[in-house]
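User: I have a protein model open and would like to work through it. Can we go step by step?

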Amino acid sequence: MSITDLVPTRLPKADGLAPVLLTVEEAATCLRIGRTTCFALIRSGELESLLIGGLRRVPADAPAAFLARRRAERQAA
């Protein structure tokens with residue numbers, strides 16, 4: 001399963017391309033967590049995000065990268 005499978009279907013796809021950036025709410029939906037928890041992960045640096053103008057955006061591959069790191073940490077323990 002790729003991250004594009006997790007991106008909510010309500011996202012507009014220009015020319016059939018998957019979105020490059022997600023809103024915090026969309027990233028939270030991908031991770032099946034709440035918005036507040038997603039912001040906490042961003043604040044702690046566990047989930048990558050960018051500030052563009054005044055808007056917080058999460059790279060589309062960041063939720064999958066976060067999960068991969070968490071799995072690796074769990075397996076190492």
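User: What is the strand order of the open sheet?
Analyst: This is a predicted model. Its open sheet has three strands, and they pair in the antiparallel sense. Strands of a sheet pair through backbone hydrogen bonds. The order is 1-3-2.

User: Which strands stand at the edges of the sheet?
Analyst: An edge strand here has a single partner strand, so one side is left without a neighbour in the sheet. That describes strand 1 (21-23) and strand 2.

User: By what angle are neighbouring strands of this sheet turned against each other on average?
Analyst: Direction is ignored for this value. The average turn is 50°.

User: Which residue in strand 3 does T23 stand opposite?
Analyst: Strand 1 pairs with strand 3 (residues 55-59) over three bridges, in the antiparallel sense. Opposite T23 stands R57.

User: Is S49 buried or exposed?
Analyst: S49 lies in the loop between helix 3 (35-44) and strand 2 (50-52). Buried means under 20% relative accessible area. The value for S49 is 18%, so this residue is buried.

User: With which side chain does the side chain of S49 make a polar contact?
Analyst: Beyond its neighbours within four places in sequence, S49 is in contact with I42, R56, R57, V58 and P59. The polar contact spans 3.0 Å, and its partner is the side chain of R56.

User: Why is helix 2 described as largely enclosed by the rest of the structure?
Analyst: Helix 2 covers residues 24-31. Its buried residues are V24, E26, A27, A28, C30 and L31. The helix is largely enclosed because the buried share of its residues is six of the eight.

Methods: Residues are numbered from 1 along each chain as its sequence is written. This is a predicted model: local features need pLDDT of at least 70, side-chain atom pairs count only at pLDDT 80 or more; totals for chains, interfaces and linings use all residues. Side-chain values use heavy atoms; hydrogens and water are left out. Helices (H or I, at least four residues) and strands (E, at least two) are DSSP runs, numbered from the N terminus. Buried means under 20% relative accessible area, exposed over 50%, partly exposed in between (1.4 Å probe, protein chains only). A polar contact is a pair of N or O atoms within 3.5 Å; within protein, one must be able to donate a hydrogen and the other to accept it, and residues adjacent in sequence count only if both atoms are side-chain atoms. Contact means heavy atoms within 4.5 Å. Two strands pair if DSSP finds at least two bridges between them. Axes are lines fitted to C-alpha atoms, for helices over the stretch in contact, and angles run from 0 to 180 degrees between N-to-C directions.
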